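Subject: Structure handover

Hello,

Here is the structure I promised to pass on. Please open it alongside this note; my findings follow below.

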Amino acid sequence: MDKKDLPVFSVLPKHIGIIMDGNGRWAKQRGLPRYKGHIEGARTFRKIGEFAADLGVKCITFYAFSTENWKRPPEEVEAIMQLFREYLEEADDRIAENEEKGIRLRFIGERKGIPADILSLMELNEAQSSDKDKVILNIAINYGGRHEITEGVKDIVRRAVAEEISADDIDEQMISDSLYTKGLPDPDLIIRPSGEYRLSNFLTWQSAYSELWFSNVLWPDFTEDDLVSALRDFEKRHRRFGGV
């Protein structure tokens with residue numbers, strides 16, 4: 001879509017979280033192996049991420065691989081990891097393009113257990129884009145909201161044991177600062193396609209006041225028009241944050 005034709009919104013979320021769900025079902029409906037759905041879902045990820053950035057969304061977090069996803073069949077897990085490799089290698093080749101778009105790439109989640117070569121590519125991509133500030137693109141890989149909170153609490157307890165802080169110092173801001181998303185705004189809007197109506201351990205702490213938008217569209221079929229529909233719906237909502 002030409003930038004001059006982009007839709008304009010009266011209010012736009014600063015941070016959108018997207019649960020990329022439905023890849024396997026998309027493939028099954030077509031008689032294809034599940035990994036084919038992940039390949040198509042990766043194309044949708046690129047398309048929607050770039051479109052959201054063009055619209056002016058400053059932070060986007062994609063739920064790519066959860067701590068629970070390791071339980072899937074080994075061949076499916078390996079196919080997903082290979083897609084990560086290819087994306088990261090491609091991102092490395094597109095440094096000039098990312099420079100122009102001002103994209104900062106970040107990864108949130110537990111890094112233990114991720115293949116060493118993928119971890120190296122993640123660190124390289126983060127370092128190469130660390131000075132960009134137009135768009136923050138977070139990819140949640142090996143991520144679980146409860147695990148994130150647990151690890152954050154452990155860090156706070158270590159600081160308390162070391163007498164760096166007291167119990168009275170602990171507040172919501174300190175907990176927020178102990179999470180992977182430190183320094184980022186909480187998501188204003190979380191989008192989940194595929195017909196499921198739950199957050200599935202995604203941004204558990206951060207989503208306390210997020211607006212939720214669900215769709216029956218499977219992620220590989222999710223289009224720019226679907227994102228616009230979610231944003232138009234968000235535009236109409238009155239966010240009270242517990243007030244009147």
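Along the sequence, the elements run β-α-α-β-α-α-β-α-β-α-α-β-β-α. That makes eight helices and six strands. Bear in mind that this is a predicted model.

Overall shape

The radius of gyration is 18 Å, close to the 18 Å that the globule rule gives for 244 residues, so the protein is as compact as a globular protein of that length. Its C-alpha atoms fill a box of roughly 55 × 45 × 40 Å along the principal axes. Of the 244 residues, 47% count as buried. The protein exposes about 12800 Å², and carbon and sulfur atoms supply 50% of that area. Long-range contacts are well represented: among contacts between residues at least 6 apart in sequence, 76% join residues at least 24 apart.

The cores

The largest nonpolar core has 43 residues. Ile 18, Phe 62, Ile 191 and Leu 227 have the most contacts inside it. Take Phe 62 as a way in. Leaving out residues up to four places away in sequence, its contacts include Ile 18, Met 20, Phe 45, Ile 48 and Trp 219. Phe 62 also touches Leu 137, Asn 138, Ile 139 and Ala 140. There is a second, separate core of eight residues. Among its members are Ala 140, Tyr 143, Ile 190 and Phe 202.

Thr 44 shares one partner with Phe 62, namely Trp 219. Thr 44 sits in helix H2, residues 34–55. Its relative accessibility is 2%, so Thr 44 counts as buried. Beyond four places in sequence, Thr 44 touches Trp 219, Pro 220 and Phe 222.

Helix H3

Ile 80 lies in helix H3, residues 74–93. Ile 80 is buried, with a relative accessible area of 7%. Neighbours within four places aside, Ile 80 contacts His 38, Phe 65 and Arg 72. Ile 80 and Ala 96 are 16 residues apart along the chain, and their C-alpha atoms are separated by 26 Å.

Helix H6 and its surroundings

I spent some time on H6, which covers residues 145–161. At 1.5 Å a residue, its 17 residues should span 24 Å, and the end C-alpha atoms are indeed 24 Å apart. Which residues of H6 are buried? They are Gly 145, Glu 148, Gly 152 and Ile 156. Seen down the helix axis, the buried residues fall within an arc of 70°, so they line one face of H6. They pack against strand S4 (135–143) and helix H7 (172–177). The face turned away from the buried side carries the exposed residues Arg 146, Arg 158 and Val 161. Just after H6, Glu 163 takes a positive phi of about 60°.

From the H7 side, look at Ile 175, which lies in that helix. Beyond four places in sequence, Ile 175 contacts Ile 156, Ile 170 and Trp 205. Ile 175 and Trp 205 are 30 residues apart in sequence, yet their C-alpha atoms are 9.1 Å apart in space.

Two loops

Thr 181 lies in the loop between H7 and S5. It is buried, with a relative accessible area of 7%. Not counting neighbours within four places, Thr 181 is in contact with Arg 106, Ile 108, Glu 148, Leu 203 and Gln 206. Glu 148 belongs to the buried set of H6.

Leu 203 takes us to the loop between S5 and S6. Strand S5 spans 189–192 and strand S6 spans 211–214. Most residues other than glycine have a negative phi. Leu 203 has a positive phi near 50°. Ser 200, in that loop too, also has a positive phi near 50°. Are these two residues buried or exposed? Leu 203 is buried, at 0% relative accessible area. Ser 200, at 30% relative accessibility, counts as partly exposed.

Where to look when you open the file: start at Phe 62 in the largest core, then follow the buried face of H6 across to H7.

Best wishes

Key:
Residues are numbered from 1 along each chain as its sequence is written. This is a predicted model: local features need pLDDT of at least 70, side-chain atom pairs count only at pLDDT 80 or more; totals for chains, interfaces and linings use all residues. Side-chain values use heavy atoms; hydrogens and water are left out. Helices (H or I, at least four residues) and strands (E, at least two) are DSSP runs, numbered from the N terminus. Buried means under 20% relative accessible area, exposed over 50%, partly exposed in between (1.4 Å probe, protein chains only). The expected span of a helix is 1.5 Å times one less than its number of residues. The arc is that of the directions from the helix axis to the C-beta atoms. Contact means heavy atoms within 4.5 Å. A nonpolar core is a set of buried Ala, Val, Leu, Ile, Met, Phe, Trp, Tyr and Cys residues joined through side-chain atoms within 4.5 Å. The radius of gyration is taken over C-alpha atoms; the globule rule is 2.2 Å times the number of residues to the power 0.38. Accessible areas come from the Shrake-Rupley method with a 1.4 Å probe; for residues, only the protein chains shown count as cover.
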